[in-house]
Amino acid sequence: MSVLQIDDLHTYFDTESGTVRAVEGIDLTIEAGEIVGLVGESGSGKSVTASSIMDLVQHPGRIADGTVRYDGQDVLSLSEDELAELRGGEISMIFQDPMDAFNPTQTVGRQLHDVLRSHREGSVHPLVRALGLDHDADCKAAVVEMLDAVGIPNPEARYSDYPHEFSGGMIQRAMVGMALLCDPKLVLADEPTTGLDVSIERQILGLFKDLVEELDTAVLWITHDLSVVAKLCDRVVVMYAGKVMEVGSTEAVLSDPASPYTQALLDSIPRYDRPDEEMYVMEGDVPDPLNRPDGCRFADRCPEVHDRCHDHHPPRFDTGDREVACYLAEGDAE
Amino acid sequence: MSRLLRYLLGRLLWAIPVLLGASVVTFMIMQLTPGDPARFILGQRASQEAVMELRRELGLHQPIFVQYVDFVFHAAQGDFGQSLQTREEVTAMLLQRIPYTAQLSIAGLLIAVVVSFPVGVIGAVREGEAADHASRVGALLGISTPNFWLGLLLILVFAVPLEAFPIFGMTLVTEDPIAAVTSTLLPAIALGTAQAALLTRLLRGGMLDEMQEGYVRTARAYGIDNRETTYVYVLKNAVLPTITVIGLQLGALLGGAVIVEQVFGIPGIGRLAIQAIFNKDFPVIQGVTMLVAVTFVAANLLVDVLYAQLDPRIRLGGSER
Ligand SMILES: Nc1ncnc2c1ncn2[C@@H]1O[C@H](COP(=O)(O)OP(=O)(O)OP(=O)(O)O)[C@@H](O)[C@H]1O
Ligand SMILES: [Mg+2]
């Protein structure tokens, strides 16, 4: 059984100017011990997909259709109490904007401590914990160890620092630490290393590799950085305007992209080895989420567009090593 | 020096120009009367000798700058001269009345806080539900009810038929605690209702804003109990700005006290001020004005200290970014 299985997920936001169809029919599975990359331009719906998996989408957003199965159970039908047990325990999320994710008037260590404490057996009443009457030495030691593991220097002292005393990179590492505290079975990592310097990034990638090796954890790794995908991920999902354009093994998709959109993403990576070459810039804009085309979402920008691309968004064709939502792949479909 | 101490010292230094400004305004109260202040005080029919006598007493014959320095010099020692009406020391008159206004204001504030906290929190937690609508209507009523009208209403409905509540006057808590409670309750309600309504709205709005913050989403995403998040962290962060407003509202509170003291016949600073204004008793007016200014500055200083204690972003200095 897959750790995560998403079928035909639709997540909409009912805004004043209309319904934003942020996610429109995503299918995605992740097996235990697998790291799956999720890439796509800004606004393609990566973060919304991640919050939908934990049923965290809030008003004005709603999950309009589809199912999310974690370990076989239908996440979207669980009660808040049942969800609270999964969240932060078996499934954890690394938020894209970690500085905002922490409470400014609480120490960072305490916030990690509370996560750990609320998932441990024999938990006290939450209000007792909240009043600070519940300092657990074991939990504190575990948090300090974790802060150390994610590369925060002087973790013992940093435990009692407030978020504003952390640098951007350090608070990001603390966020990663929070996600890994309870030995999760599934981690949804939304750009966890964006903006970190290379050595810290390598350290955190290593941490995830160890986690996967030791605990068979499944990871959804959202990123803009295809080089990280190449280093880390077993499979990659390419998203565009709420749809999956291509999904397959990292090796296959990145070395020989089948969707023109994947090709365009790869082409827009600056090449340090060939600095003279003019950088490729994708023409056009991401379609307005309120007013998306009926046909292929990428048709207006696609260099290989055909007439019928404007009629229907293509179904996904299975070509053996991947699935591609593009009519170009129709001939190769099995 | 610790950051907190430096912060507080900075705030304390700020109080100096504020108080100097207040002293200029207070001093000018008399200077700005049309024509000769002494003539203005004594009236058209007073003799020329009496006017000259008063001019000397008030120091009006000196250059204005000398008068001001003299005023500040004495005011700094708590000396505002004698009442023109009763010949009493102004400071003694103030000291005698401060306890009444203090008891009334503190009780009014207490009522405001005790009412607004639960009502504001319930309004936020049950946003859009019946309880929220009720709390919002209540707050609107509270804000739009004039305190003198509310005071008269309370007297008519409670004090007149029920012997427990006196209609007139107020007993100090140091004299008789029980009588103090019964005599302070109604005026304190009249005074505190508008404040309660304001704080309710602020707290409700603050909590709703706070609930949109990223850390609330994080807490939810990490399975932390919703009650813990709402009643401890969200509440605490929403209370912080409310504390500042309480300090700033002190002016409104004292202004309200002037009227409520009048309605309930309480011998406090407000009543003293009104009498002094009617009698053109300038030394007393000046004394009251400076007292209010000092109270305001002191209360806001206290609020700053409290705020700094509660908010680590201030206690430990601002963000480095
Ligand atoms: N609360 C919201 N209200 C309205 N629209 C929203 C909301 N949250 C997300 N959206 C819309 O959903 C779409 C997908 O957003 P999402 O944050 O998932 O993009 P993303 O792929 O994560 O982009 P990025 O790479 O910039 O993080 C966007 O068009 C966005 O405007
Ligand atoms: Mg995102």
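Trainee: Which residue has a polar backbone atom 3.3 Å from an oxygen atom of ligand 1?
Mentor: Ground rules before that one: this is a predicted model, where local features need pLDDT of at least 70 and side-chain atom pairs count only at pLDDT 80 or more, while totals for chains, interfaces and linings use all residues. Residues are numbered from 1 along each chain as its sequence is written, chains are lettered from A and ligands numbered from 1 in the order written, and side-chain values use heavy atoms, with hydrogens and water left out. Among the residues in polar contact with ligand 1 (N or O atoms paired within 3.5 Å), A:Q96 puts a polar side-chain atom 2.7 Å from a ligand oxygen, and A:H224 does so at 2.8 Å. The backbone partner at 3.3 Å is A:S44.

Trainee: How many residues surround ligand 1?
Mentor: A residue is in if one of its heavy atoms lies within 4 Å of the ligand. The closest are A:S42, A:K46, A:S47, A:Q96 and A:H224. The full count is 16.

Trainee: Which atoms coordinate the magnesium ion, ligand 2?
Mentor: Donors are N, O and S atoms within 2.8 Å of the metal (3.2 Å for Na, K and Ca), and water isn't among the atoms, so a site may look incomplete. Here the distances run from 1.9 to 2.3 Å. The donors are A:S47 (OG) and A:Q96 (OE1).

Trainee: How many residues apart in sequence are the parts that this pair ties together?
Mentor: Helices (H or I, at least four residues) and strands (E, at least two) are DSSP runs numbered from the N terminus. A:S47 sits in helix 1 (residues 46–53) of chain A, whereas A:Q96 is in the loop between strand 6 (91–94) and helix 3 (98–101), so the pair joins parts at a separation of 49 residues.

Trainee: What is the relative accessible area of A:Q96?
Mentor: Buried means under 20% relative accessible area, exposed over 50% and partly exposed in between (1.4 Å probe, protein chains only). A:S47 is partly exposed at 26%. A:Q96 is partly exposed too, with a value of 39%.

Trainee: What is the angle between the planes of A:Y240 and A:F298?
Mentor: Rings of Phe, Tyr and Trp (its six-membered ring) pair if their centres lie within 6.5 Å; planes under 30 degrees apart are stacked, over 60 edge-to-face, the rest tilted. That rule gives ten pairs over all chains. A:Y240 in strand 9 (residues 235–240) and A:F298 in the loop between helix 12 (260–267) and strand 11 (317–318) link distant parts of chain A. Their centres are 5.3 Å apart, edge-to-face, with planes at 85°.

Trainee: Are A:Y240 and A:F298 buried or exposed?
Mentor: A:Y240 has a relative accessibility of 1%. A:F298 comes out at 2%, so by the cut-offs above both residues are buried.

Trainee: Where is A:P60 found?
Mentor: The peptide bond from A:H59 to A:P60 is cis, with omega near 5°. A:D55, with phi near 55° despite not being a glycine, is in that loop as well. The stretch runs between helix 1 and strand 4 (61–70) of chain A.

Trainee: How far apart are the end C-alpha atoms of residues 238–264 of chain B?
Mentor: UniProt (unreviewed entry) lists this span as one of the transmembrane regions of chain B; such positions use the numbering here, feature names are shortened, and annotations may be inferred rather than shown by experiment. In the model the span is 96% helix and 0% strand. Its end C-alpha atoms lie at a separation of 35 Å.

Definitions and conventions
A polar contact is a pair of N or O atoms within 3.5 Å; within protein, one must be able to donate a hydrogen and the other to accept it, and residues adjacent in sequence count only if both atoms are side-chain atoms.
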